[in-house]
Amino acid sequence: MKQGTATVVKHTGSHYLLSELPAWDLFPAVVRGRIRLKESSNTNPIAVGDVVDYSVDEAAAGAEGADVMATIDAIHPRRNYIIRRSTNLSREAHIIAANLDCVWLIVTMQFPEVKLPFVDRFLVTCEAYGVPVNIVVNKRDIDDEYSMALLKVFKEIYADQAGYNVLEVSAITGENIDTVREACKGRINMFSGVSGVGKSSLIKAIDPKLEGIRVGEISLAHLQGKHTTTFYEMHPISTGGFIIDTPGIRSFGLIDFKKEELSTYFPEMLAVMDDCRFMPCTHTHEPGCAVKAAVEDGRIAPERYNSYLGMLEDQTKYR
Ligand code: GDP
Ligand code: ZN
């Protein structure tokens, strides 16, 4: 019996593919019987990025050839994970990826025009999951006055005030693509962005071999009701590191947060909230609120504060 530790790089529906990263040497594995899990409400207990202990019966492998299945015996504790909910109301959660080193949120100033409330929701989700996130502004080659004005405001809010890494790139001219490629090395990266921002172009610019990686949607109607399940997959980047593509943002169901927690997911609010007179403070109606003071004197962007209020309201509605 051979035993080892490997990372889940793909889930096909019937089995998992594992590799002992950073080596890319895939072999199939299944779960036999029950695996003890902490997150019992999750419908797929094992996700891409999970580190698992496996065992394989080498005697059987010798007899049947290379295709003998390994058995997944245990899942290592996750550093972080990203969950998808079918709807805001849904209690049913689905872990789509685990142990991410970096999430890259790709946006464009125009074509399509960036939607700040969406960006904020995405960033809050990453913060809540404990996943480091970088923002990539693609289509930097489009440099008309309007785009440049938007970019200036965008950088003020997200880089200067919120403290995120904002990289300006162009998948078309290749500007700064080497920076992204370099930053992906030795890491498990997830690329996300609404359709049209140039996610496919960017992934291809990072590594032409990755052209055409698309997330597959497989209907499991016959297995579990009307669900369509999206299977996420990890791909190796030729120059080092791994990439998980996501079909779009819908995948990121809003997290379930406590009202008083929400502001801690806005770094520029977290930085000042210790000075609020009341603890906890929702930063809405309380007197002596340091967050509201920071909004008033321009240290926190009104756009960010409005996103915060919108998310608070949604949370109340859906609870
Ligand atoms: P996806 O939907 O996010 O995967 O976007 P695509 O990669 O399919 O790109 C959408 C459109 O934007 C295509 O017409 C691309 O040629 C174009 N595009 C992608 N990157 C850039 C860029 O850096 N600059 C410009 N001007 N266009 C781009
Ligand atoms: Zn406050």
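Two strands pair if DSSP finds at least two bridges between them. Helices (H or I, at least four residues) and strands (E, at least two) are DSSP runs, numbered from the N terminus. The model is predicted: local features need pLDDT of at least 70, side-chain atom pairs count only at pLDDT 80 or more, and totals for chains, interfaces and linings use all residues. Residues are numbered from 1 along each chain as its sequence is written, chains are lettered from A and ligands numbered from 1 in the order in which they are written, and side-chain values use heavy atoms, with hydrogens and water left out.

**Exercise 1. The barrel**

Task: Determine the order in which the five strands of the closed barrel run, and find bridge partners along it.

Solution:

Step 1. The order is β1-β2-β3-β5-β4, and the pairing is mixed. Neighbouring strands of this sheet are turned against each other by 55° on average, direction ignored. For such angles, axes are lines fitted to C-alpha atoms (for helices over the stretch in contact), and angles run from 0 to 180 degrees between N-to-C directions.

Step 2. Begin with β1 (residues 2-11), which is antiparallel to β2 and joined to β2 by four bridges. Here V8 has L18 of β2 as its bridge partner. The two strands form a hairpin with four residues between them, and G13 in the turn has a positive phi of about 105°.

Step 3. Continue from β2 (residues 16-19) to β3 (residues 27-30): three bridges, antiparallel. L18 stands opposite F27 of β3, while Y16 has A29 of β3 as its bridge partner.

Step 4. The link from β3 to β5 is parallel and consists of two bridges. A29 faces A70 of β5 across this link.

Step 5. Finish with β4 (residues 51-56) and β5 (residues 70-75), an antiparallel pair with four bridges. V52 is matched with I75 of β5.

**Exercise 2. The two faces of β2**

Task: State which residues on each side of β2 are buried.

Solution:

Step 1. In a regular strand the side chains alternate between the two faces of the sheet.

Step 2. Buried means under 20% relative accessible area, exposed over 50%, and partly exposed in between (1.4 Å probe, protein chains only).

Step 3. Y16 and L18 are buried on one side, L17 and S19 are buried on the other, and both faces of β2 are thus covered.

**Exercise 3. The open sheet**

Task: Identify the strands at the edges of the open sheet and the helices that pack on the sheet.

Solution:

Step 1. Six strands with mixed pairing form this sheet, in the order β10-β9-β8-β11-β15-β14.

Step 2. The edges are β10 (166-168) and β14 (234-236); each has a single partner strand, so one side of each lacks a neighbour in the sheet. From one strand to the next, the twist averages 30°.

Step 3. At one edge, β14 pairs with β15 (residues 242-245) in the antiparallel sense over three bridges. H235 lies opposite I243 of β15 in this pair.

Step 4. Contact means heavy atoms within 4.5 Å. Helix α2 packs on the sheet and touches β8, β9 (133-138) and β11 (188-192), with its direction at about 175° to that of β8. Helix α4 (residues 177-184) also packs on the sheet, touching β8, β10, β11 and β15, and its direction makes about 135° with that of β11.

**Exercise 4. A helix pair**

Task: Describe how α2 and α3 are placed relative to each other.

Solution:

Step 1. The axes of α2 (residues 116-129) and α3 (residues 145-161) come within 13 Å and cross at roughly 20°. The two helices are therefore roughly parallel. Angles under 35 degrees count as roughly parallel, over 145 as roughly antiparallel, 65 to 115 as roughly perpendicular and the rest as oblique.

Step 2. In the interface, L116, V119, D120 and L123 of α2 meet F154, I157 and Y158 of α3.

**Exercise 5. The surroundings of T108**

Task: Establish whether T108 is buried or exposed, and list what T108 touches.

Solution:

Step 1. T108 belongs to strand β8 (residues 102-108). Its relative accessibility is 1%, and T108 therefore counts as buried.

Step 2. Leaving out residues up to four places away in sequence, T108 touches E113, V114, N138, K139 and V197.
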